[in-house]
Each structure stands twice: as C-alpha cells, then as structure tokens.
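Biologist: Please take one part of this model and go through it closely for me, setting out the conventions as you go. I would then like to have the surroundings of that part and the rest of the model described in the same careful way.

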Amino acid sequence: MARMINLRIWRGDSTDGALQDVVVEANEGEVVLDVIHRVQATQMGDLAVRWNCKAGKCGSCSMEINGKPRLACMTQVAAYGDEETITVTPLRAFPIIKDLVTDVSFNYKKAMEIPAYAHPDDLAPGDARMGQIDVERSQEFRKCIECFLCQDVCHVVRDHEENKKSFAGPRFFIRIAELDMHPLDTLKNRKKTAQEEHGLGMCNITKCCTEVCPEHISITDNAIIAMKERVVDIKYDPVRWLGSKIGKREGIV
Amino acid sequence: MSELERHSYDVLVIGAGGAGLRAAVEAREAGLRVAIICKSLFGKAHTVMAEGGAAASMGNVNDNDNWMVHFRDTMRGGKFLNHYRMAELHAKEAPDRIWELETWGALFDRTKEGKISQRNFGGHEYPRLAHVGDRTGLELIRTMQQKIVALQQKDGAQYASMESNIKVFAELTITDILKENGKVSGAYGYWRETGAEVLFGAPTVIIATGGVGKTFKVTSNSWEGTGDGHALALKAGANLVDMEFLQFHPTGMVWPPSVRGILVTESVRGEGGVLTNSLGERFMFKYIPDVFKSIYADNEAEADRWYEDQDNNRRPPELLPRDEVARAINTEVKAGRGSEHGGVFLDVSKRLSAEVIKKRLPSMWHQFFELAGVDITKEPMEVGPTCHYIMGGVEVEPDTAAAIGVPGLFAAGEVAGGMHGSNRLGGNSLTDLLVFGRRAGIGAAHYVKNNGKNPVSDAAIEAAAQKIQAPFDRAGGENSYALHAELQEVAHSLVGIIRTASELEDAITKIADIRKRSANVSVSGGRKFNPGFHLAFDLDNMLLVAESTAKSALQRQESRGGHTRDDFPGMSNKWRQINHIASFNGTQVNVRGQALPVLPKELFDLFDVHELEKYMTPEEITKGGSI
C-alpha cells in the first residue's frame, strides 16, 4: 500500500549545503534507497547517491539515516513511524563530494598500506591443504563488503581528522587479522605492525564498529581484541620480551 | 575550459569486475603499464553478486570429473551453439585459474581432506563449483583487488610510486573507444565525480564491462549493467554475436516489489531446495525435455535419493539448465498455478536443518529475512525468472580474446560472446572471467609488443568531447529516467522470456522511436556527480543492445536456450549451424547469419553420436566433425 512520507535529504557539496524536505511516495516493502531513487527520477534529477547491487552485497549505498550509519538498500522505510521524517545525510567521517556521496579514497589508501598476502614459496598451485575450521576464522573477515560504515562510525577518526594519518581503522584491522590468521600466510609480525604502524593501539574497544557492521562481523571481539591481547602478551611477558631482544625468537609471531 | 586531462598507457582495461581485473594482472605481469577503469568504486563490480561458485573440474569431490566431462556439460547447456574452442579452453584451464587464486590468498570452503570443496549445480554432471558459502563472487573480486594492490606494492618498492605502472581510475565512464588508421588508439570519457573529461592514449583496450540487465525491467543486475562494452565495441566497428540469447535466471525474488529480480542463488537448489506450485505439486518432473531424459530423475523418490547417492540415481529436475527451469516456472505461473505474487515456491527448509541453511546459504537467509520478512529455515521463498546474463556479446578470437575486425581491441567475460552458446551453466561465468580475462591480458601484451603506440588525433578528441557536452546544451528535451523506464518496459514485455514475430517487430519500431527521442535528452544540474547526466550515456548503450537483441531474435526462427519463440517452439538442427552477427553502420544495427565453426573431430568424438543426433543434421553426423 502506497503512502506519502517525509524525507529530509542533505544537498550540497564541499563548499555549502543544507537539508531539504521532500514528500515522496513509499510502497509496501520499500527500502530507503527506493524512495531516494524515486526522488531522483521525479523531483531531483541530479541528486547524487552511490549504489550498485541493492541487495546488501556490494556496500556502496552507505549513508547516515536518522544519524545512524547504514546501508540504504537494507533499511526498510517501514522501520520508521508513519509520521516520522526520515533524514538522510552523507557519511560524516569523509569529505563530501556532492549530496549523499563522499570521498572515501582514505580507505583505498589504507588498503595499499597493508602488506599483501604472502604465499609459501614452495607450495605449488593446487597443493594447499587446509581444514575448514582453520579457514573459517579468516573467512569471517573476508565477508567484509567494504561499505566503510565501521570506518565512518569509529570515533578515533569520525571527528578527528588529525588521527587519519596514523590510524587504518576497523576495516583494515580485520584485514590484518584475516591475513594473520590465514593458515598459509608467511609474513611475520602482522600484529606488531598493526600496533606500531596502523594504529591498533588507538582503538579503545567501544565496539561501535561491530554494531554497525551489516555483515555482522565480530570486528572488536574476533579481530581487534584478539590481536591486542597477543600484542600485550608479548610486549609485557618478560621472558618473551627478553627473547625478542636477544633474537632467539621472534617478538610477535 | 581547463586543460584536458591526458594519460598514456600500454593497456586500458574498461571494467573492474573479475575479467577486467584478471586481464590487468596478466598484462602487468607481462611488463606492461596498465590502467583499470571502473564505473563504480573499486571492488563493487557486479562480480560481487555471484553467489554459487566457480565451475572447474578439479575432481576434489568426485574424481570421475575432468575437462572432457566439463566440456560436454557446457556444450549441452549451450545446446551446442557454443564456440567449441572457447568451451574447450575454458574446461581445460578452469582448474589452474582457481588454484592460482589460492596462491593469491583466496580462501575457498574445504573438503574433509583439506582440498577446495565443490558443490552441485544445474547442468554439471559432478560436484564442480568451488565456493565460499554463497558469496563466491565477493571472494573472487576481493582476491583480485588485493592482488592488484600486491602488484602496486611491488612496483612501489622498485619505482617512484605504487601507482606508476598499474592504476585504478574509479568512478569514470568511457564514452568512446578511439581509433586511428583503423586501429585502437585509446579511449575518451569523464570522471563521474566532477564531469571533467579524460583522454587515455593506449594501443590496446580490453573491454570487460559485463552485462546488459538494466535494459530489462526485472533484472538481477546492478545499475552498471547497461551494455556499455557491447555498445562501445559496436561503435568501434566490432561485431556482436548471438545477441538474442539472454539468460533469465529462474529464481529471482518476486516480493516485495522493491526487491523484484534480486537473485536467489541456484545453490538453494544445489543444496536440495525443491520447486512447487500453488497446488503443492513438485512440477519440474513435467518439464524434462527429451534430450535430458536419460540423466534427470522422473520421480520424487529417485530425485531425493540422488542427494545421498549420485552414482546410482538420476539428478533432480530442479537442477536442469537454467533456461529449462525458467520456462517451466513461467508456464506454471501463466497457467494460474503461481504464488500470490506471481512466482512459485522454493523450499529448502524441509531438507536441511536451520543451522546448515544458515551456514551454507548465509546471504540468502539474510536477504530474505531483512528484505522480505521470510525465514527460509522455516518457510518457502517466492521466486520467479529475472534477467540475469547475456550469452551474446563481442565476437572474439577464442585464444587471444581479440575482437574480430578491430586491431587492438579485446573483450573478455560476460561482454564477450560465444563461450556459452545459447545458455550458460551456473558457475561457468566465474571461471569464464578468469580464463578469458587472463587470455585477453596475454593477447594485449603480444599486440603491444608487435604494434607499439598509435597516437590519438585532435579531430577524434574533439568529436568525443562534443558528444559529452551535447546534453547540457539542449534545454527542455527528454528526461533520461523516463526514456529508460520506457525502454525497460518494451524489452520486458516484447523481447522477454517468450517472444513472437509480431511483438519483436513492434519492439524494433518502439526502440527506434526511443532512440530518436534519446538524441534530444537534456539534463538538469551541472556536471558534478549528476546521475541524470550519467544515465543519458548509459541509455544510449542500452538502446543499441536492445536493438541488436530484438533484431537477432526476430531472425532466429526456432527456440533454443535463452531464446524462446512462441511461433517457432521447436529446436531446429539447421538453425544450430548459424550464428547471428550484429554490426552498426552509424545509424542502425544490422544482423546477418554466419556459419557456426564446426566441431573438430577430436571434440566431436567426445560425445555419444546418439546424443549429437539430437542437435545436428544427418549430414553433420556423417561428416563426424572437421578434420
């Protein structure tokens, strides 16, 4: 059953902008992205919004809906009250390009800073043998659809531009954890570099990232805390500390 | 106007899905400088939507499997209209391409022995699809995205910048492939973010732009599937082969309307899901065509036993090739035996426990629960056909992926034609991307070494720039959104799953009319990230695709795979010998018949001759393939 809803959309660019109110039709079962598209096709032909799959699999339509970072394609209009105005704004942690579209290049730069997977030299294609249980830990993190909602909500960078340089963010902590837990990866010291070069220590475990993850990845518990505990173990265990100093064993493996 | 942004590369890859990224990796590893263009952000291409898996005869689950069995299945699935050489290369090379991904960090699901697990799928004789739950496409694209980063890191250690030799240009649309002296010289386009124009000089262009689904009203494709590569190739002088063959995936969501068309993976059936109509009948038993009667079960008991014992039972008919299942669902719904919202029921809850469903089909569970309020561990899904894939595409030379007729142009993946014949088997697309993406990269590398640069002329730049500015200079013209909706309606109702001559003729007239009006599209707003402006170019591409499809479909007077004619319901062995070749003369698309390459003797002999008799003429059988 169609009804009219009040939608408030942030429109503008990096120089200026404001919220604009529109009234638009919404049909049964529709998601917020559907009504944004209807506005685009009928009232604002140049309204900028990113989207691709419209099925929660590509992570393109990230925005803030009534202040919460969400995928617009997975947010039902019916989740809001009949009289409630739905307010859509661009991701706050990234520079605005236009309307609901932000410059997320920060994330692609960080991706390039994480050392790639290193396959064992002596393991030929087809010869790998891994247990299902052993690949599942990394597979959880490989579910990530790179919507960057975790990056957006993370208070280390959300209102602290100055932290961006030294902080990779939750998306890339799970990338490091995924490689660290990969049964075949040969690169050592991933946890140590997470701490020393990618800003793992700046995270103080408020779990905001886990809460917004549309893939329900346990970012904090299974990746961040898991790595932090190991880092702490090794850093503050006197025997291991000594071992690392005299070079008999690797500091962090 | 500010100065034109110019770049120069050895290879320009248009499209950053599986085929494009695989091509880029190969070209870079061959020592070339590579630019990758994507319409969206890096890593969002439609490949992420592939769910079920990648077909490769590794034989990890059933060691009877090998490339010859896979080749036979592919040819059967395509009803023998496939280019045999592409199907052969694909079947032979697919396992290596999957294993290679593992060396780049991919983590597929495992068998008990720790090998890559393989699952059953429609039309595949043995469990053959390497997979990661139901998000295999995401694993493929992420693995290759990260491989590109690995190559960039390697370059960064050696050269001044990580992006010195391979660079991703995200959110950029190519509007023209440029040629000088009859050969590719580069491409022209605009940044979606700013609307600013960009020139790429490059002696080779690899088109890897995927599909055309957005031409249709109900589709599983994202907004990017607008046939850009098909149209760019046509306009550059290449041919499109067999554009009448479109795959309507049997199971798309049908309710609520907002999600209509979104894919429901074939893995649901591979894992034991059954299709029923509103009477509760498991109707697929009624729709087993004669050519498949020997390998599909004709009763429920045998079909159910197959899940436990595949050696001694025939397969359930839910796992027939996609064209058969889609037509069957269509027939059931038309006969009034459909569900409330015009689909049929697909139920996996009776065969598998809730825990197993959530593990093997996690994104399906999620998708239905969040978007339709349906818990698939307890109740059936409502499903119906959705436009999913185009078998037709750029006519290429199989070994090099070179586009026929345009030196320097290559095409791989969905945008290339021939590999899948009249119908693609599920799982064959992901390995198609890898096999032919790699081959296109090698093909381009050879071409660059033998040909060198080919500078772009000012005249070519001027013409391309003029085209981009045009919609801004027209005031009060047509609205691109409205024209797009009209085209989708025409394609859906007149060129859809069931076709007739009169409707196709009607469609051709209507498409020509929309195309005429589209020349007068005007856009509101400025150049900065303006979707109305972007759609104006996508629309032009979709119109050329729709014209090619409608005209090819009108000529083919038979029903085969993804082309069903109500007025010619049978499959004709004479028509099997014909490919349709679409070309563009600057004004309209023309379609002509061309002889299908003849199966060589060594491939002919892989089949039981009685099976071939169902598809081939007596003369072909007597000849026994080409020598």
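Modeller: What follows begins with the conventions, turns to a pair of helices in chain B, and then moves outward to other sites.

This is a predicted model, in which local features need pLDDT of at least 70 and side-chain atom pairs count only at pLDDT 80 or more, while totals for chains, interfaces and linings use all residues. Residues are numbered from 1 along each chain as its sequence is written, chains are lettered from A and ligands numbered from 1 in the order in which they are written, and side-chain values use heavy atoms, with hydrogens and water left out. On confidence, chain B averages a pLDDT (the predictor's confidence in each residue, from 0 to 100) of 95, and 100% of its residues score at least 70. For the complex, the predictor gives an ipTM of 0.92 together with a pTM of 0.94.

The part I would choose is the meeting of helix α1 (residues 18-29) of chain B with helix α11 (residues 428-451) of chain B, whose axes come within 7 Å and cross at roughly 40°. That angle makes α1(B) oblique to α11(B), on a scale where angles under 35 degrees count as roughly parallel, over 145 as roughly antiparallel, 65 to 115 as roughly perpendicular and the rest as oblique. Axes here are lines fitted to C-alpha atoms, for helices over the stretch in contact, and the angles run from 0 to 180 degrees between N-to-C directions; helices (H or I, at least four residues) and strands (E, at least two) are DSSP runs numbered from the N terminus. The crossing of α1(B) and α11(B) is right-handed, meaning that the near helix is turned clockwise from the far one by less than a right angle, whereas an anticlockwise turn would be left-handed.

From α1(B), the residues in contact (heavy atoms within 4.5 Å) are B:Gly18, B:Ala19, B:Arg22, B:Ala23, B:Glu26 and B:Ala27, and they meet B:Leu433, B:Leu434, B:Gly437, B:Arg438, B:Ala440, B:Gly441 and B:Ile442 of α11(B). Sorted by class, this contact has 7 nonpolar, 3 polar and 3 charged residues, where Ala, Val, Leu, Ile, Met, Phe, Trp, Tyr, Cys and Pro count as nonpolar, Asp, Glu, Lys and Arg as charged, and the others, Gly among them, as polar. As background to such a pattern, an α-helix has 3.6 residues a turn, so residues three or four places apart point the same way.

A link back to α11(B) is offered by B:His70, which sits in helix α2 (residues 67-77) of chain B and has contacts that include B:Asn428, B:His90, B:His124 and B:Arg128. With a relative accessibility of 0%, B:His70 counts as buried, the term standing for under 20% relative accessible area, with exposed for over 50% and partly exposed in between (1.4 Å probe, protein chains only).

Elsewhere in chain B, B:Thr386 belongs to strand β16 (residues 381-390) and is likewise buried, at 0% relative accessible area. Beyond its neighbours within four places in sequence, B:Thr386 contacts residues including B:Val218, B:Thr219, B:Ser220 and B:His249. B:Asp228, in helix α5 (residues 228-235) of chain B, is buried at 8% and touches B:Lys39, B:Thr209, B:Asp538 and B:Asn541, not counting residues up to four places away. B:Asp311, by contrast, is exposed, with a relative accessible area of 60%, and occupies the loop between α7 (300-306) and α8 (322-334) of chain B; its C-alpha atom is separated by 9.8 Å from that of B:Tyr126, 185 residues away along the chain.

The backbone deserves a check as well, given that most residues other than glycine have a negative phi, and most peptide bonds are trans. A cis peptide bond joins B:Trp255 and B:Pro256, with omega about -5°, and B:Pro256 falls in the loop between β13 (246-253) and α6 (267-270) of chain B. B:Phe529, not a glycine, has a positive phi of about 20°; it lies in the loop between α14 (501-518) and α15 (531-555) of chain B and is buried at 5%.

Chain A, finally, has 10 helices and 7 strands, and 57% of its 253 residues are buried. In helix α6 (residues 170-180) of chain A, 10 of the 11 residues are buried, so this helix is largely enclosed by the rest of the structure.
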